[in-house]
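Reader: I've got this one open in my viewer and would like to talk through how it packs. Can you walk me through it?

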Amino acid sequence: MSNATTRTGWRFRQPSVIPGFGLTLGFSLAYLTLIILIPLSGLAWRSAALGWADFWRIALDRRTLHALEISFGTALIAAAVNVVFGTIVAWVLVRYQFPGRRIVDAMVDLPFALPTAVAGIALTTLYAPNGWLGKPLMALGIKVAYSPLGIVMALIFIGLPFVVRTVQPIIEEIDKEVEEAAATLGASRFQTITRVLAPGLLPAVVTGFALAFARGVGEYGSVIFIAGNLPNVSEIAPLLIVIRLEEYNYAAATAIAAVMLALSFLMLFVINLLQSWSRKRYG
Amino acid sequence: MADPHIETYDPEHEVMSAAITESRPARAVFMAIAFVFLALFLVLPLVVVFNQAFAKGLETYLTSLNDGDTLSAIKLTLIVAAISVPLNLVFGLAASWAIAKFEFKGKAFLTTLIDLPFSVSPVISGLVYVLLFGAQSALGPFLKAHGIEILFAVPGIVLATVFVTFPFVARELIPLMQEQGTGDEEAALSLGASGWQTFWYVTLPNIKWGLLYGVLLCNARAMGEFGAVSVVSGHIRGQTNTMPLHVEILYNEYNAVGAFAVASLLAGLALVTLVLKTVLEMRYGAEIAATRGH
């Protein structure tokens, strides 16, 4: 193998004096294969073993379709809300001076650090019909906990840092001279933001949206407490996988998981495309 | 107007110049929106955790923590983190050495594969091990015949946790080591250091803060993981219940104080993680690379 590679012009790796390539790459690949690739391909193999007809019968089952629709729909709404507020938060954190900015900045990472089950029970208590926010909202006729709206709330919490942390570094990089030039040329502040700054931020905003969306679709821990989990109404796809597993219905659990995985890999692919496109255009 | 050729950062100037910032009322509105949003979605849930935990006083709080099942859940969580974090630490070091110090074909693809667990739902991360080791799997009868317990036991919980926290350390280290290049290592090697010496005395000191940063995030997730662990654990009280799973059980039993008492420990862990993370970013910002957050 190594002979063949040196004879032809194609090289697997560039020569280097640094040792340990074989050891570290070998270990990394072995570990990656054992922990990630074999288990994941096991899932692919098991869903292929179901056969085409059975697979689609399960995947297009009414309850499954509803669960997928709820997972993707609520994640989409939550990511959209996060795009608006996350961008404002990022802007305020970068551009404005205020006391405690460092603490507020650190707090944004709370959803990364707080275990999802803790977030779940806290949000449920907050938005329950007798909770601090649930009670006044209930008086207005808005039911948050134990409804799809509750799922959206949990996913907003989970997804917020993805948008802020993607957009924030791009705002930091904005060259002030561009804004000054726009102002000198007679643009109002509103025009500068919408016509000059927004196009530059767009790729980061879209990436943040996609990351928050992808995370929201698969989220389980924070959602199951607040959702109410009514089949066809507020039952998310990951929960349906768990339910099918508890019924020892491995075929159904596998099929739902395969559909979810395929959709999230598709999203990952789109995210990568977006990132390479934005690097080419704005990098 | 300042001389345009002198590039100095002057915050006073920034506040004064109306051309490159919003008007005062607009700024106030933006700040109000941001603060209200953050207060509603981040601060309030955190306050609720501690408020509920101490709702019936400190004594009830302490009694509910000093419970056999709770203590064994805490112990299991510590054991699982103590196994899975070092595993992913070693992997992170190996992978970042191979990826950052060498040029080889398929590197970008390998980096994408390392990030894969981030785009898999936690429930699916647990499910794949159920399909691999469960009674219905090809391996199932063999494991049963030899009395090897993986699912509904500690090994399964560790595997699911390792899967979920797999990218954390590698992700921090790869960009950091790429940025540092290979110059230091080449100098050490040319001066006669062995490969291991180069790693211990040259590379490791260069990446130690980035490594700590990655370990910190990895540990927070390992201790807090819920979905993946929930699928493989079997929820056996006092045996295969980690802290987040125990929170769920107590909560579903309408034991709010108990659930929030355990939750307050996890929230405390999250707050400590955030403080350490911020300190690391402030003091060693340059040494933990430009990869803030995720």
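Reader: How are helix 3 of chain B and helix 14 of chain B oriented to each other?

Author: Quick note: this is a predicted model, where local features need pLDDT of at least 70, side-chain atom pairs count only at pLDDT 80 or more, and totals for chains, interfaces and linings use all residues. Residues are numbered from 1 along each chain as its sequence is written, and chains are lettered from A and ligands numbered from 1 in the order in which they are written. The axes of helix 3 (residues 57-65) and helix 14 (residues 256-284) of chain B come within 9 Å and cross at roughly 75°; axes are lines fitted to C-alpha atoms, for helices over the stretch in contact, with angles from 0 to 180 degrees between N-to-C directions, and helices are DSSP runs (H or I, at least four residues) numbered from the N terminus. Angles of 65 to 115 degrees count as such, so the two helices are roughly perpendicular.

Reader: Which residues of helix 14 of chain B meet helix 3 of chain B?

Author: Contact here means C-beta atoms, placed from the backbone, within 7 Å. From helix 3 of chain B come Thr60(B), Tyr61(B), Ser64(B) and Leu65(B), and they meet Val257(B), Gly258(B) and Ala261(B).

Reader: How many residues of chain A are in contact with chain B?

Author: On the chain B side, helix 2 (residues 24-53) gives the largest share, 15 residues. In total, 77 residues of chain B are in contact with chain A residues numbering 79.

Reader: Which helix gives the largest share of the largest nonpolar core?

Author: Such a core is a set of buried Ala, Val, Leu, Ile, Met, Phe, Trp, Tyr and Cys residues joined through C-beta atoms within 7 Å. This one has 159 residues, and Val118(A), Leu127(B) and Ala263(B) touch the most other members. The largest share, 14 residues, comes from helix 9 (residues 148-173) of chain A.

Reader: Which chain B residue does Leu127(B) contact, leaving aside neighbours within four places in sequence?

Author: Its contacts in chain A are Ile241(A), Leu245(A), Ala253(A) and Ala257(A). In chain B, the partner is Val231(B).

Reader: Why does Leu133(A) count as it does for burial?

Author: Leu133(A) sits in the loop between helix 7 (116-127) and helix 8 (134-139) of chain A. A residue is buried with 20 or more other C-beta atoms within 10 Å of its own, exposed with 12 or fewer, and partly exposed in between. Leu133(A) has 19 C-beta neighbours inside 10 Å, so it counts as partly exposed.

Terms used. Contact = placed C-beta atoms within 7 Å. Parallel < 35°, antiparallel > 145°, perpendicular 65-115°, else oblique.
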